[in-house]
Amino acid sequence: MKAVALFAALTLLALAACSETAPPPRGEPSASYETRGVIKALPVAGDPKSELRILHEAVPQFKAADGSVEPMLSHTMGMGVGKGVSLEGLKVGDPVAFTFAVWWKPRPGIEVTRIAKLPADTEMDLAAGDGHDHHGHDHHGHDHAH
Ligand SMILES: [Cu+2]
């Protein structure tokens with residue numbers, strides 16, 4: 001009996017460990033990009049309409065779904081938050097450096113995979129104002145010029 005219980009416990013542990021390292025169900029992202037920006041909104045627990053929004057610097061190497069380079073201009077972008085990424089200690093107005101992953105297939109999506117606070121006086125090259133807001137899912141560098 002004891003051995004069975006131990007085995008069951010180990011199996012649960014193994015399952016827990018697996019699910020933490022498993023990639024998202026949609027598989028590997030098409031690409032990842034590093035940039036910097038200022039936090040405009042944070043996701044609110046229990047409010048599915050809320051999301052992480054960052055006014056970020058231009059991403060000149062951004063690639064469209066067909067793989068062609070279509071620079072993303074500085075704008076406010078909504079993103080999902082990757083598994084294991086903590087937003088603890090971050091607040092609206094904080095300058096941050098972050099990495100975001102982009103999926104085009106099977107459905108488009110953007111998720112932050114790393115985020116780190118920068119010094120408050122960090123200078124950045126950002127669009128004036130908040131720009132117009134885009135949801136993260138329909139980005140093409142050419143359609144959000146100001
Ligand atoms: Cu963007």
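Two strands pair if DSSP finds at least two bridges between them. The legends below describe close-up views of a predicted model.

**View 1. Pairing of strands β1 and β2 in the predicted model.** Strand β1 is joined to strand β2 (residues 52–56) by 4 bridges, and the two run antiparallel. Arg53 is the bridge partner in β2 of Ala41.

**View 2. Pairing of strands β1 and β4.** Strand β1 covers residues 31–41 and strand β4 covers residues 95–103. The two strands run antiparallel and are joined by 8 bridges. Within this pairing, Ala101 in β4 stands opposite Ser32.

**View 3. The copper ion and its protein donors.** Four side chains supply the donor atoms: NE2 of His56, SD of Met72, NE2 of His75 and SD of Met77. These atoms lie 2.0 to 2.4 Å from the copper ion. The arrangement is tetrahedral because the 4 donor atoms subtend angles of 97 to 121° around the ion, and four donors count as tetrahedral if all angles lie between 85 and 135 degrees. The ideal angle for four tetrahedral donors is 109.5 degrees. Along the chain the donors follow the spacing H-x15-M-x2-H-x1-M. Met72 and His75 are both buried.

**View 4. Surroundings of His56.** His56 has its place in strand β2. Its relative accessible area is 0%, so His56 is buried. Leaving aside neighbours within four places in sequence, His56 is in contact with the copper donors Met72, His75 and Met77. Its other contacts counted in this way include Leu73 and Ser74, as well as Thr35, Arg36 and Gly37. Phe98 and Leu126 are also among the contacts of His56.

**View 5. The largest nonpolar core.** This core has 20 residues. Those with the most contacts inside it are Ile54, Phe62, Met79, Phe98, Phe100 and Ile115. At least two residues of the core come from each of β1, β2, β3 (75–81), β4 and β5 (109–117). Strand β4 gives the largest share, 4 residues. In soluble globular proteins, nonpolar side chains tend to be buried together.

**View 6. Contacts of Phe98.** Neighbours within four places in sequence are left aside here. Phe98 is in contact with Tyr33, Glu34, Thr35, Arg36 and Gly37. Ile54 and His56 are also in contact with Phe98, as are Met79, Val112, Arg114 and Ile115.

**View 7. Gln61 in the loop between β2 and β3.** Gln61 has a relative accessible area of 39%, so this residue is partly exposed. Leaving aside neighbours within four places in sequence, Gln61 is in contact with Tyr33 and Val69. Gln61 and Tyr33 are 28 residues apart in sequence, and their C-alpha atoms are 8.1 Å apart in space.

**View 8. The cis peptide bond from Lys105 to Pro106.** The omega angle of this bond is near 0°. Pro106 is found in the loop that lies between β4 and β5. Most peptide bonds are trans.

**View 9. The protein chain as context for the close-ups.** The chain has 1 helix and 6 strands, which run α-β-β-β-β-β-β from the N terminus on. Of its 146 residues, 36% count as buried. Among contacts between residues at least 6 apart in sequence, 63% join residues at least 24 apart. The chain exposes about 8800 Å², and carbon and sulfur atoms supply 61% of that area.

Key: Residues numbered from 1 in each chain as written. Predicted model: local features only at pLDDT ≥ 70, side-chain atom pairs only at ≥ 80, totals over all residues. Heavy atoms only, no water. Donors = N, O, S within 2.8 Å, 3.2 Å for Na, K, Ca; no water. Tetrahedral: all angles 85-135°; square planar, octahedral: opposite > 155°, others 65-115°. Buried < 20%, exposed > 50% of the residue type's maximum accessible area, 1.4 Å probe, protein only. Core = buried A, V, L, I, M, F, W, Y, C linked by side-chain atoms within 4.5 Å. Contact = heavy atoms within 4.5 Å. Areas by Shrake-Rupley, 256 points an atom, 1.4 Å probe, with all protein chains shown as cover.
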